[in-house]
Amino acid sequence: MYYLSPTLFFPPVDQANHDGILAIGGDLSPERLRLAYQSGIFPWFEAGEPIMWWSPNPRMVLFLDELIVSKSMRNILNRNIFSVTFNQNFRDVISNCQNIERDGQNGTWITNDMIEAYCKLHESGIAKSVEVWQDKVLVGGLYGIDLGGVFCGESMFSKVSNASKTAFIALVNQLKKEDYKLLDCQVYNPHLESLGCREIDRTDFMEILKSK
C-alpha cells in the first residue's frame with residue numbers, strides 16, 4: 001500500500017493489492033484527478049475515510065460495438081418517452097448520483113468534496129454528464145471523465161424506470177460517433193453486464209488506455 005505525499009505521483013498500477021487498492025492519501029485536486037484517470041486509477045472512498053485510489057484487476061469495460069439493447073428498451077427509445085442532453089446540468093447530475101437510494105447500499109461514496117472536485121473538472125471540460133428528461137424534469141443521468149478515446153464512467157442515477165439505461169445508451173452512441181475505443185466501467189456489477197459490459201485483464205485495459 002502506497003501512502004501519497006503532496007508530490008503529484010502515483011505508483012504503477014501493478015502494485016495494487018488483491019482488492020485493487022493502490023494508494024491512500026493525497027488530495028482531489030484537478031491535477032491529481034487528471035493524472036489518476038490517465039494512469040488507470042480512480043478514487044473511491046466514503047465520508048470520514050482517507051482518500052483511497054483504486055486500479056482493480058480485472059477491469060469492467062464496454063467495447064462499444066458490444067452494447068446490448070433489449071427489445072423492450074428499443075421500444076422505449078422509439079417511443080421518445082425521454083429527451084437527452086449532454087453537459088447541461090453536471091452539478092445536478094452528480095448531486096442526484098450522491099443522493100439517490102440504491103439497493104444494498106447505506107449512504108454514498110460521493111462526498112461533498114468529490115462533488116466540488118468533479119465540478120471543477122467539468123469546468124475545465126474533462127468531466128462530462130448526460131442528462132435524461134421527462135416532461136422537462138431531470139429523471140436520470142450519468143457522469144464521468146472524458147480522456148479522449150476512452151470515457152471513464154463514474155456513476156448513474158435513475159428516478160424512473162429505464163432513465164439511467166437511456167443515458168448509458170445515449171453516451172455509447174455518441175462515443176461511437178466520435179470513434180472512441182472504450183467505455184471504462186471500473187468494477188463488475190450485473191446491471192452493467194446486462195448492457196454488454198465485461199471484465200478484461202488490467203494489463204489489456206492499460207494498453208488500450210495508453211494507445212488512445
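The following exercises, each with a worked solution, concern the predicted model shown above.

Residues are numbered from 1 along each chain as its sequence is written. In this predicted model, local features need pLDDT of at least 70, side-chain atom pairs count only at pLDDT 80 or more, and totals for chains, interfaces and linings use all residues, while side-chain values use heavy atoms, with hydrogens and water left out.

**Exercise 1. The nonpolar core**

Identify the residues with the most contacts inside the largest nonpolar core, and state which helix gives the largest share of this core.

Solution. Step one: a nonpolar core is a set of buried Ala, Val, Leu, Ile, Met, Phe, Trp, Tyr and Cys residues joined through side-chain atoms within 4.5 Å; buried means under 20% relative accessible area, exposed over 50% and partly exposed in between (1.4 Å probe, protein chains only). Step two: the largest such core holds 48 residues, and Trp53, Tyr118, Tyr143 and Ile145 have the most contacts inside it. Step three: helix 4 (residues 112–123) supplies the largest share, six residues. Helices (H or I, at least four residues) and strands (E, at least two) are DSSP runs numbered from the N terminus. Step four: a second, separate core has 27 residues, including Met60, Met73, Met156 and Leu175.

**Exercise 2. The surroundings of strand 8**

Determine which strands pair with strand 8, and over how many bridges.

Solution. Step one: two strands pair if DSSP finds at least two bridges between them. Step two: strand 7 (residues 127–134) pairs with strand 8 in the antiparallel sense over eight bridges, and Tyr143 is the bridge partner of Ser129. Step three: strand 9 (residues 150–158) is also antiparallel to strand 8, over seven bridges, with Gly144 opposite Gly153. Step four: two residues separate strands 7 and 8 in their hairpin, where Asp135 takes a positive phi near 55 degrees. In the hairpin of strands 8 and 9, three residues lie between the strands, and Gly148 in the turn has a positive phi of about 75 degrees. Step five: nine of the 10 residues of strand 8 (residues 137–146) are buried.

**Exercise 3. Thr166**

Is Thr166 buried or exposed, and which residues are in contact with Thr166 beyond its neighbours within four places in sequence?

Solution. Step one: Thr166 lies in helix 5 (residues 163–177). Step two: its relative accessible area is 4%, so Thr166 is buried. Step three: with those neighbours left aside, Thr166 is in contact (heavy atoms within 4.5 Å) with Met73, Leu77, Phe82, Val84 and Val132.
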